[in-house]
Amino acid sequence: MATDALKNIRVRIEKAAQKLGPQVVPNWMLEYICDCEDRWSPSITIKVPNPTNPLERIPKSYKAVRVLHRKSGSADIWKGGLRYHPDVSLSQMEGHAIEMSIKSWIMNEPHGGAKGGIAVNPLELTKDVLEDLTLAFAKRAIDDGKMSPRKDVMAPDMGTNETIMDWICNFYIDYTGDNIIGEGVVTGKSVGNGGICGRKSATGLGLHLALQTFLGAKEIHLQENPTAIVQGFGNVASYFCKFAEEFKIKIIGVIDQFGGVYCPAGLDIQKMSGYAESNKFKTINGFESVSPDYLKASFDELMALGADIFVPAAIENVITTSIAPAMNFKVVLEGANSPTLADADEILNQRGIKVIPDIYANAGGVTVSYFEWARNTRKNPSNLRIRIPDNNEDDVRAALETMFRTNGAELIQISKKYGIPYREAGYALALERVSPYIKAHLRMD
């Protein structure tokens, strides 16, 4: 059965295709885009410590999945995250793989979307077991022809990080002997191991760049020094919060899966980061204890209290038809993938709440990942609108700003042309861009 995320994406693709018309997206192409190229779902077996006898190791299997969506005619690779989470499933990853394609096409990047992961809670594993599982997965993927800098390039996602990407990269080079472009097998690596400056912060920074694009175009109007409430405090959310002061945004509420905190005068993000880093689950739960001005708050309470901006930057399917009517915000800036259900979108539109959609807003990570892969493989893009930056923070940021500004302007133009919300405009822009390549590749139109 398809997940809500997969259903949402298919509904949105169909709406955008109808707006563009059959001359741009004929029915056969719509079916092609709503399906995936390849699905892979092996079991990965490793030996783990026996809970009743730590000196003994026993076999345990973990389900792994990888989905490749579609490439445009100019694409070299598929690209997308590797997620470690108990809820990882094939249908969930199908939806995210399609969304990754849409995101890449909006940003004018020449690759198709992919997504995958392992059904595991990484916090329950020791570092040694986590490394064993990662390398067993990498070996199986290489042996099955699924992992290569020339085919499918993985990147950090929920539950994974640059350490895991370094493990995979080093193993791939040692196992295959590819010392030429082997570094490009994954992105999101540490800078000393073939990574690129600014990759870790790219998605959080990109959210600000997306918002600034819409503010600069006067599509969105906010008070001076606007306020924000953020869901999540992982990589994306924490970097959004860290950059907030630079962009004169005051963070007044944060909530993760364990608990939330609220302060209308603003939260101390530096202290919050230290607090989260100091505990095993990296949570902000209990942070209200550091100041008498801080209040413990639930998700529902934060939605009702509201702010200028809401940043869902944790998991999918957060904004539902029951949540949307109670939300007290002017703008939703989507940091997570698929945080809003399609039916809830209609409610937000009716209420005049502007949504800067995930398919554009959180594309900073995949964009800087593309820069990293291009540098690793010495691949110069044929698209003259993409400039591969030098490996320093300033140049990476400048290139990222250009990507958000130019592609965001085209998304806004499509929204105005058809009189449609930004999310639908994003899907329409992606389909409009990929349509000529698919027609040429399949020669069916």
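Reader: Let's start with Cys34: buried or exposed?

Author: Cys34 is buried in this predicted model. Its relative accessible area comes to 11%.

Reader: And Cys197, buried or exposed?

Author: Buried too, with Cys197 at a relative accessible area of 15%.

Reader: OK, how many disulfides does the structure hold?

Author: Zero.

Reader: Why no bond for Cys34, then?

Author: Distance. The closest cysteine sulfur to that of Cys34 sits in Cys36, 9.5 Å away, and that is too far for a bond. A disulfide needs the two sulfur atoms within 2.5 Å.

Reader: Which cysteine has the closest sulfur to Cys197?

Author: That would be Cys169. Its sulfur is 16 Å from the one in Cys197, so those are too far apart for a bond as well.

Reader: Switching topic: how many cavities of 30 Å³ or more are there?

Author: The count gives one.

Reader: How much space lies in the largest cavity?

Author: About 40 Å³.

Reader: Which residues line it?

Author: The lining of the largest cavity is made up of Asp38, Arg39, Trp40, Arg66, Val67, Leu68, Lys146 and Asp152.

Reader: Which strands supply at least two residues each of that lining?

Author: Strand 1, spanning 38-40, and strand 3, spanning 53-68.

Reader: And how do the lining residues divide into nonpolar, polar and charged?

Author: Five of the residues lining the largest cavity are charged and three are nonpolar, with no polar ones. Among the lining residues, Asp38, Arg39, Arg66, Lys146 and Asp152 are the charged ones, while Trp40, Val67 and Leu68 are nonpolar.

Terms used
Residues numbered from 1 in each chain as written. Predicted model: local features only at pLDDT ≥ 70, side-chain atom pairs only at ≥ 80, totals over all residues. Heavy atoms only, no water. 1 Å grid on protein atoms, 1.4 Å probe; cavity = no way out; pocket = protein on both sides within 12 Å on 5 of 7 lines; lining within 4 Å. Points joined across faces, edges and corners; volume = space filled by probe spheres on them. Helix = DSSP H or I, 4+ residues; strand = E, 2+ residues; numbered from the N terminus. Buried < 20%, exposed > 50% of the residue type's maximum accessible area, 1.4 Å probe, protein only.
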